[in-house]
Amino acid sequence: MEKTVPPKLVQSRQKALRRSLDSEGLDAILLAGKASINYYSGFTGDESQLIISRKHAWLLTDFRYQEEADNSMTACETVIWKESIPATAAKLLAKTGAKRCGYDEHNLSAWHYECLRTEGKKFKLSAAGRI
């Protein structure tokens with residue numbers, strides 16, 4: 001499978017997003033919308049979310065999309081979630097040491113938000129609508 005988005009373009013987009021994180025006082029952002037995930041990673045599959053921190057980029061997806069992620073994505077590490085996406089996201093965000101995490105409020109479900117808030121006691125969630 002061919003990469004859908006050129007790697008340099010994805011890296012440039014992630015770099016611009018990281019600058020926005022800095023200007024908004026965020027340590028990381030969790031993206032749940034398919035268009036945003038594709039734009040910042042090149043991944044076109046379903047059942048996924050994307051975390052971009054100041055130094056890392058992780059695509060969270062289930063096992064059905066691993067091959068597609070490995071073959072189509074650039075500039076991100078694929079993480080296959082086992083428990084749930086929110087639990088996996090909370091663990092990765094904790095691993096980064098993030099204190100304030102933005103989220104895509106237009107695409108993140110209320111259930112996912114509540115799970116993240118419960119699981120992620122070490123970071124504060126902030127709507128990141130302007131990013």
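Two strands count as paired here if DSSP finds at least two bridges between them. By that rule, β5 and β6 pair in the parallel sense over four bridges. Helices (H or I, at least four residues) and strands (E, at least two) are simply DSSP runs, numbered from the N terminus. The model is a predicted one, so local features need pLDDT of at least 70 and side-chain atom pairs count only at pLDDT 80 or more, while totals for chains, interfaces and linings use all residues. Residues are numbered from 1 along each chain as its sequence is written, and side-chain values use heavy atoms, with hydrogens and water left out.

Back to the strands. β5 and β6 belong to an open sheet of six strands with mixed pairing, and its order reads β4-β3-β2-β1-β5-β6. β4 (77–80) and β6 (124–127) sit at the edges with a single partner strand each, so one side of each has no neighbour in the sheet. On average, neighbouring strands of this sheet are turned by 25° against each other, direction ignored.

Some of the pairings can be followed residue by residue. In the pairing of β5 with β6, R100 stands opposite K124 in β6. β5 also has β1 as a parallel partner, over three bridges, and there A28 stands opposite C101 in β5. Towards the other edge, strand β3 (residues 57–61) pairs with β4, again in the parallel sense and over four bridges. L59 is found opposite T78 in β4.

Next come the helices. Helix α5 (residues 110–119) lies across β1 (28–31), β2 (48–53), β5 (100–103) and β6, and runs at about 150° to β6. Contact means heavy atoms within 4.5 Å. Axes are lines fitted to C-alpha atoms, for helices over the stretch in contact, and angles run from 0 to 180 degrees between N-to-C directions.

Two packed helices are described by the angle between their axes and the distance between the axes. Helix α1 (residues 7–24) and helix α2 (residues 34–41) pack at an angle of about 110°, with their axes 7 Å apart. As for the wording, angles under 35 degrees count as roughly parallel, over 145 as roughly antiparallel, 65 to 115 as roughly perpendicular and the rest as oblique. That makes α1 and α2 roughly perpendicular to each other. Where they touch, V10, R13, Q14 and L17 in α1 meet Y39, Y40 and S41 in α2. Sorted by class, the residues of this contact are four nonpolar, two polar and one charged. In this sorting, Ala, Val, Leu, Ile, Met, Phe, Trp, Tyr, Cys and Pro count as nonpolar, Asp, Glu, Lys and Arg as charged, and the others, Gly among them, as polar.

The other helix pair is α4 with α5. The axes of helix α4 (residues 85–96) and α5 come within 9 Å and cross at roughly 40°, so α4 and α5 are oblique to each other. On the α4 side the contact is made by I85, P86, A87, A89 and A90, and on the α5 side by W111, H112, C115, L116 and E119. This contact of α4 with α5 has eight nonpolar residues, one polar and one charged.

A few single residues deserve a visit. Buried means under 20% relative accessible area, exposed over 50%, and partly exposed in between (1.4 Å probe, protein chains only). S41, already met in the contact of α1 with α2, lies in helix α2 and counts as buried because its relative accessibility is 0%. Leaving aside residues up to four places away in sequence, S41 touches V10, L50, L59, M73, T74 and C76. S41 and A75 are 34 residues apart in sequence, yet 6.6 Å apart in space, C-alpha to C-alpha.

The loops supply three more cases. D104 lies in the loop between β5 and α5 and, at 11% relative accessibility, is buried. Its contacts, again without residues up to four places away in sequence, are L30, L31, A32, G33 and S36. E47 is found in the loop between α2 and β2 and has a positive phi of about 50°, although it is not a glycine. With 42% relative accessibility, E47 counts as partly exposed. Finally, K121 has its place in the loop between α5 and β6 and is exposed, with a relative accessible area of 68%. K121 and A94 are 27 residues apart in sequence and 8.8 Å apart in space, C-alpha to C-alpha.
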